[in-house]
Structure formats: structure tokens, C-alpha cells
Amino acid sequence: MKLTKEIGISLGFLAGTTLGSGIAFLFRLQAYEIMASVALFGIAGAIAGLCVQQFIFNK
């Protein structure tokens, strides 16, 4: 499986949203705080996935 830009972003987004929902669950956040947590971690994960993909292919 070749790691393309789209796969890097998708995997990063998946990991970020999973982490964000886990943190929201642990801190017992309310609805708006959960949505904000998942959104922020999802965006950060997508950016991190893109950076990792670029780092791997620009070695």
C-alpha cells in the first residue's frame, strides 16, 4: 500500500478524532465541548498525517 497524501490525511484525521473523543470521554465533557475537542484533534491529526506523509517521501 502506497502512502499517498490522501491516505496520510485520512489516517491522521481518524487518529485525531479518536484521540479527541477519548479525551472528551475521560474528562466527561458536555456536547459542545465534545464537538470542539473532536474537531480540533481531527484537524490537528490531519495536518500531522500530511506532515508525516511528506516527511516519508522527502527523505
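**An exposed loop residue and a helix pair**

Arg28 is exposed in this predicted model, its relative accessible area being 72%; since the threshold for exposed is over 50%, the assignment follows directly. The residue belongs to the loop that joins H1 and H2. Its backbone also deserves a look: the phi angle is positive, at about 50°, although Arg28 is not a glycine. As a general background to this, most residues other than glycine have a negative phi.

The overall architecture can be stated briefly. The protein has two helices and zero strands. Its radius of gyration is 13 Å, well over the 10 Å that the globule rule gives for 59 residues, so the protein is more spread out than a compact globule. The dimensions of the C-alpha trace can be set beside that value, with spans of about 40 × 15 × 15 Å along the principal axes. Of the 59 residues, 20% are buried. The exposed surface comes to about 4600 Å², and carbon and sulfur atoms account for 75% of that area. Turning to contacts between residues at least 6 apart in sequence, 69% of them join residues at least 24 apart.

The two helices can now be considered as a pair. Two packed helices are described by the angle between their axes and the distance between the axes. Helix H1 covers residues 5-26, and helix H2 covers residues 31-57. Their axes come within 6 Å and cross at roughly 145°, and the crossing of H1 past H2 is right-handed. On the H1 side, the contact is made by Lys5, Gly8, Ile9, Gly12, Phe13, Gly16, Thr17, Leu19, Gly20, Ser21, Ile23 and Ala24. On the H2 side, the contributors are Ile34, Ser37, Val38, Phe41, Gly42, Ile43, Gly45, Ala46, Gly49, Leu50 and Gln53. Sorted by character, the residues of this contact are eleven nonpolar, eleven polar and one charged. Glycine is counted among the polar residues in this tally, and Gly8, Gly12, Gly16 and Gly20 of H1 are among the residues concerned, as are Gly42, Gly45 and Gly49 of H2.

Individual residues help to fill in this picture, beginning with H1. Thr17 lies in this helix and counts as buried, with a relative accessibility of 16%, under the 20% cut-off. Beyond its neighbours up to four places away in sequence, Thr17 touches Val38, Phe41 and Gly42. Phe13 is also a residue of H1, but it counts as partly exposed, at 43% relative accessibility. Its contacts, with residues up to four places away in sequence again left out, are Gly42, Ile43, Gly45 and Ala46. Gly42 is thus a partner of Thr17 and of Phe13. Tyr32 stands elsewhere along the chain: its C-alpha atom is separated by 19 Å from that of Phe13, with their positions 19 residues apart in sequence.

Ser10, another residue found in helix H1, is likewise partly exposed, with a relative accessibility of 46%. It is 40 residues from Leu50 along the chain, while the C-alpha atoms of the pair are separated by 8.9 Å. Leu50 itself takes part in the contact of the helices, on the H2 side.

Seen from H2, Ser37 and Gly45 offer a complementary view. Ser37 is found in this helix and is buried, at 10% relative accessibility. Leaving out residues up to four places away in sequence, it touches Gly20, Ala24 and Leu29; Gly20 and Ala24 belong to the H1 side of the contact. Gly45 has its place in H2 too, and it is buried as well, with a relative accessible area of 12%. Aside from neighbours within four places in sequence, Gly45 is in contact with Gly12, Phe13 and Gly16. Each of these partners is listed on the H1 side of the contact. Relative to the loop, Gly45 is 22 Å from Arg28, C-alpha to C-alpha, with a sequence separation of 17 residues.

The segment before H1 completes the description. Thr4 sits there and is partly exposed, with a relative accessible area of 28%. Thr4 and Val38 are 34 residues apart in sequence, and their C-alpha atoms are 24 Å apart in space. Val38, for its part, is among the H2 residues that make the contact with H1, and Thr17 is one of the residues that touch it.

Note on methods: Residues are numbered from 1 along each chain as its sequence is written. This is a predicted model: local features need pLDDT of at least 70, side-chain atom pairs count only at pLDDT 80 or more; totals for chains, interfaces and linings use all residues. Side-chain values use heavy atoms; hydrogens and water are left out. Helices (H or I, at least four residues) and strands (E, at least two) are DSSP runs, numbered from the N terminus. The radius of gyration is taken over C-alpha atoms; the globule rule is 2.2 Å times the number of residues to the power 0.38. Buried means under 20% relative accessible area, exposed over 50%, partly exposed in between (1.4 Å probe, protein chains only). Contact means heavy atoms within 4.5 Å. Accessible areas come from the Shrake-Rupley method with a 1.4 Å probe; for residues, only the protein chains shown count as cover. Axes are lines fitted to C-alpha atoms, for helices over the stretch in contact, and angles run from 0 to 180 degrees between N-to-C directions. A crossing is left-handed if the near helix is turned anticlockwise from the far one by less than a right angle, and right-handed if clockwise.
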